[in-house]
Amino acid sequence: MVEQVLTPLRDVVAEERVEQLGGFGGGLYNGAASNHPSNLGAPTILTLLGSRITHNNAVGSAAGPGGSSAGFGAGGGLWTGGTASLFDTDISHTRAVGGDGSVGGNGFGGGVYNAAAASLRLERSTVIKNHANGGEGEGIGGGVFNLGSLDLDALTLIFDNLAS
């Protein structure tokens, strides 16, 4: 099994004011295990050292004609379905926004969305001033929305986030 590792150099800044209409990972998307025949089942591994993920949006699509449900926005800064380790990294001013419509979408994890089979480690990191906002739905997990394994050290700070 081959592991895939993405390790940006120190002081890499993911600052994109681009809205991802698919709604997943406005700044970074770390997918689930590979389905490519050459490395089937290999986990995706993301390691960030001394980085900033800031001013990103994951926006769900609007409801279609006839009242279909709107899409959800997940992980304004980071969406991970694999393994992610963040060291000395700041995630700030990011948003997960659900799509608009009569059956509006939810916003999950303004800063980070950690999927069910995923593993997230935050060490000496800060998750601050992020926002999860529902279109006509709910905003859940202003800083971190976790369904998987989450490991924090005592020096990681998660504060001043908003879910509405």
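**Entry 1: aromatic rings**

I began with the aromatic side chains and found that ring pairs link Phe24, Tyr29, Phe72, Trp79, Phe108, Tyr113 and Phe145 into a cluster. I note here that the model is predicted. I then looked up how many aromatic pairs there are, and the count comes to 8.

I took the pair of Phe72 and Phe108 as one of them. The two ring centres are 5.5 Å apart and the planes stand at 80°, so I wrote the pair down as edge-to-face; the cut-off for that label is over 60 degrees. Next I asked which parts of the chain this pair ties together. Phe72 is in the loop between strand 7 (57-59) and strand 8 (73-74), while Phe108 is in strand 13 (residues 107-108), so the pair ties together parts that are 36 residues apart in sequence.

Phe108 also pairs with Tyr113. Their ring centres are 6.4 Å apart with planes at 70°, so this pair too is edge-to-face.

I checked whether these three rings are buried or partly exposed. Phe72 has 34% relative accessibility and counts as partly exposed. Phe108, at 14%, counts as buried. Tyr113, at 11%, also counts as buried. The cut-off I used for buried is under 20%.

**Entry 2: the chain as a whole**

I looked up the secondary structure and found 0 helices and 22 strands in the protein chain. The chain has 164 residues, of which 46% count as buried. Its exposed area is about 7,700 Å², and carbon and sulfur atoms supply 55% of that.

I also looked at how far apart in sequence the contacting residues are. Taking contacts between residues at least 6 apart in sequence, I found that 81% join residues at least 24 apart.

**Entry 3: strand pairing**

I reminded myself that strands of a sheet pair through backbone hydrogen bonds, either parallel or antiparallel. Which order do the strands take in the open sheet of 3 strands? The order is 8-13-18, and the pairing is parallel. Strand 8 and strand 18 (139-140) are the edge strands, each pairing on one side only.

Within this sheet, strand 8 and strand 13 pair over 2 bridges in the parallel sense. Ala74 stands opposite Phe108 of strand 13, and this is the Phe108 whose ring pairs with that of Phe72.

I then turned to strand 15. Strand 10 pairs with strand 15 in the parallel sense over 5 bridges. Phe87 has Glu123 in strand 15 as its bridge partner. Strand 15 also pairs with strand 20 (residues 149-152), again in the parallel sense, over 4 bridges. Here Leu120 stands opposite Leu150 in strand 20.

**Entry 4: nonpolar cores**

How many residues make up the largest nonpolar core? I found 12, including Leu46, Leu86, Leu120, Leu122, Val127 and Val144. Strand 5 (44-49), strand 10 (83-87) and strand 15 (119-123) each supply at least two residues of this core. Apart from it lies another core of 7 residues, among them Phe108, Tyr113, Ala118 and Phe145. Of these, Phe108, Tyr113 and Phe145 had already come up in the ring cluster.

I picked Val127 from the largest core and listed its contacts, leaving aside neighbours within four places in sequence. They are Ile91, Leu122, Gly143, Val144, Leu157, Ile158, Phe159 and Asn161.

**Entry 5: Asn30**

I looked up a polar residue next. Asn30 is in strand 4 (residues 28-30). Is Asn30 buried or exposed? Its relative accessibility is 7%, so Asn30 counts as buried. The side chains of Asn30 and Thr44 are joined by a polar contact of 3.3 Å. Beyond its neighbours within four places in sequence, Asn30 is in contact with residues including Thr44, Ile45, Leu46, Trp79 and Ala84. Leu46 and Ala84 are among the residues of the largest nonpolar core, and Trp79 belongs to the ring cluster.

**Entry 6: Gly101**

My last residue was Gly101, in the loop between strand 12 (95-97) and strand 13. Its relative accessible area is 22%, so Gly101 is partly exposed; buried would need a value under 20%. What does Gly101 touch, leaving aside neighbours within four places in sequence? Gly101 is in contact with Ala63 and Glu136. I also noted that the C-alpha atoms of Gly101 and Gly137 are separated by 9.1 Å, and that these two residues are 36 apart along the chain.

Terms used:
Residues numbered from 1 in each chain as written. Heavy atoms only, no water. Core = buried A, V, L, I, M, F, W, Y, C linked by side-chain atoms within 4.5 Å. Buried < 20%, exposed > 50% of the residue type's maximum accessible area, 1.4 Å probe, protein only. Contact = heavy atoms within 4.5 Å. Areas by Shrake-Rupley, 256 points an atom, 1.4 Å probe, with all protein chains shown as cover. Phe/Tyr/Trp six-rings, centres within 6.5 Å; stacked < 30°, edge-to-face > 60°. Pairing = 2+ DSSP bridges. Polar contact = N/O pair within 3.5 Å; in protein donor to acceptor, adjacent residues only side chain to side chain.
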